[in-house]
Amino acid sequence: MSFINYSSREINCKIVYYGPGLCGKTTNLQFIYRKTNPEQKGKLISLATETERTLFFDFLPLALGDIRGFKVRFHLYTVPGQVFYAASRKLILKGVDGVIFVADSQIERMEANIESLEDLRINLAEQGYAVEKLPYAVQYNKRDLPNVAPVEEMNKLLNVNGVQWFEGVATTGIGVFETLKGVAKQVLLELKKHY
Amino acid sequence: MAGSDLVMHDNEFQKIDEELQRLHQQANASVVFLVDKNGQLIASAGDTHNIDTTSLASLTAGNIAATGGIARLLGEKEFTILFHEGEKDNIHISLIGQRVILVVIFDQRSSLGLVRLRVKKTAEALAKIFDEIASKAEKEKVEGGKTAESPFAEISDEDIDNLFK
């Protein structure tokens, strides 16, 4: 659910990073935070446990610039990836405008990826959304590790609809902005359809 | 897309702003905020320059969402009021018409009783304004008309690429 304010000439959109535990959702946000000019970003808020596992969500507001005199703001959220935080994940998806699914490329995490994707589908459906109709992209993260599955195989398992996908190494920033841009673009084009 | 986007025009924004300014004065509050349920700040009144309003909006919505989750687990529809008491500042959070969240921050110059009383009045007025916004959006949807000054009408790939330079 975007918020378009004609009075302050602002457009606010919400993008959620989804994916299994330890796949690199928070790392994506941290990289974006580090590489963005101070005047374009707000605080990176992390509601995490003492061991830096996301407990509720991370939040990063980004003001990217202007389109036709309207300030465009993206609010980036991550969900807690661990299976038992299911209830919290549902809450964060409320009012989402676009989703980035971060998949862990390591072969041994493939089952966790599939499980998380299924969880995303169910949670979106509960709110009347469908992955197919939402601005959505997949990021195959951790491509720098030795034991990664080939992208073709991951596409078969996690991207049957053939949506936009990106290879990423969130720790060094490879693919991070590309993925965000991919979904941000879809979100704005979706708004164009409606307004 | 499920749900509908929130589109706010000048006159509606002014009405909301007036209500918040009034509440700010009458409740003797430090700051008053209005946030949508997804965590986006709609409007504020009072001295906000020392406060990270964007973060506050997002966390308040998270707070309301979590409390709503607890309510449903207990078979309640929603807990509509939250109150946090601090050493100096207190925060009163209330859900209005299942749509927006009204946040009042106040210190010892005011009291919980006064804030609750004034919030109740403002809530009624705000609920009415948001009903109007919703019915207007519905009407526009039926008519299929796009707003004349829509910033999206001529949006191009280049515009979007420029955002990421």
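Contact, as the word is used here, means heavy atoms within 4.5 Å, and it is in this sense that helix α2 (residues 53-73) of chain B lies across β2, β3, β4, β5 and β6 of chain B, running at about 115° to β6(B). The model under discussion is a predicted one, and the sheet of chain B offers a convenient way into it.

That sheet is open and has five strands, arranged in the order β3-β2-β6-β5-β4 (chain B) with antiparallel pairing. The edge positions are taken by β3 (41-46) and β4 (81-85) of chain B, each of which has a single partner strand, so that one side of each is left without a neighbour in the sheet. On average, and with direction ignored, neighbouring strands of this sheet are turned by 15° against each other. At the β4 edge, β4(B) pairs with strand β5 (residues 90-96) of chain B in the antiparallel sense over five bridges, and within this pairing B:E85 has B:N90 in β5(B) as its bridge partner.

Helix α1 (residues 10-26) of chain B also packs on the sheet, where it touches β2 (31-36), β3 and β6 (100-106) of chain B, and its direction makes about 40° with that of β3(B). The 17 residues of α1(B) should span 24 Å at 1.5 Å a residue, and the end C-alpha atoms of the helix are indeed 24 Å apart, in agreement with that expectation. Its buried residues are B:E12, B:F13, B:I16, B:E19, B:L20, B:L23 and B:H24; seen down the axis of α1(B), they fall within an arc of 135°, and therefore line one face of the helix. The face turned away from this buried side carries the exposed residues B:E18 and B:Q25. What the buried residues of α1(B) pack against includes an element of the other chain, namely β1 (3-5) of chain A, together with β1 (6-8), β2, β3, β6 and α3 of chain B. After α1(B) comes B:N28, whose phi is positive, near 55°.

Helix α3 (residues 112-143) of chain B contains B:G113, a residue that is partly exposed, with a relative accessible area of 48%. Although B:G113 and B:A27 stand 86 residues apart along the chain, their C-alpha atoms are separated by 9.4 Å.

From here the path leads to the nonpolar cores. The largest of them has 37 residues, of which A:I4, A:I15, A:Y17, A:F74, A:L76 and A:L188 touch the most other members. Two or more residues each are given to this core by β2 (10-18), α1 (25-35), β4 (54-67), β5 (70-78), β6 (98-104) and α5 (176-194) of chain A, together with α4 (157-163) of chain B. The largest share, seven residues, comes from α5(A). For A:L188, when neighbours within four places in sequence are left aside, the contacts are A:I67, A:V72 and A:F74 in chain A, and B:F152, B:I155, B:I160 and B:L163 in chain B. Apart from this core lies another, of 30 residues, among them A:L120, A:L124, A:L134 and A:Y140.

A last stop is A:N113, which is found in helix α3 (residues 110-126) of chain A. This asparagine is buried, with a relative accessible area of 0%, and, again leaving aside neighbours within four places in sequence, A:N113 is in contact with A:P20, A:F101, A:A103, A:D104, A:M154 and A:L158.

Key:
Residues are numbered from 1 along each chain as its sequence is written. Chains are lettered from A and ligands numbered from 1 in the order in which they are written. This is a predicted model: local features need pLDDT of at least 70, side-chain atom pairs count only at pLDDT 80 or more; totals for chains, interfaces and linings use all residues. Side-chain values use heavy atoms; hydrogens and water are left out. Two strands pair if DSSP finds at least two bridges between them. Helices (H or I, at least four residues) and strands (E, at least two) are DSSP runs, numbered from the N terminus. Axes are lines fitted to C-alpha atoms, for helices over the stretch in contact, and angles run from 0 to 180 degrees between N-to-C directions. Buried means under 20% relative accessible area, exposed over 50%, partly exposed in between (1.4 Å probe, protein chains only). The expected span of a helix is 1.5 Å times one less than its number of residues. The arc is that of the directions from the helix axis to the C-beta atoms. A nonpolar core is a set of buried Ala, Val, Leu, Ile, Met, Phe, Trp, Tyr and Cys residues joined through side-chain atoms within 4.5 Å.
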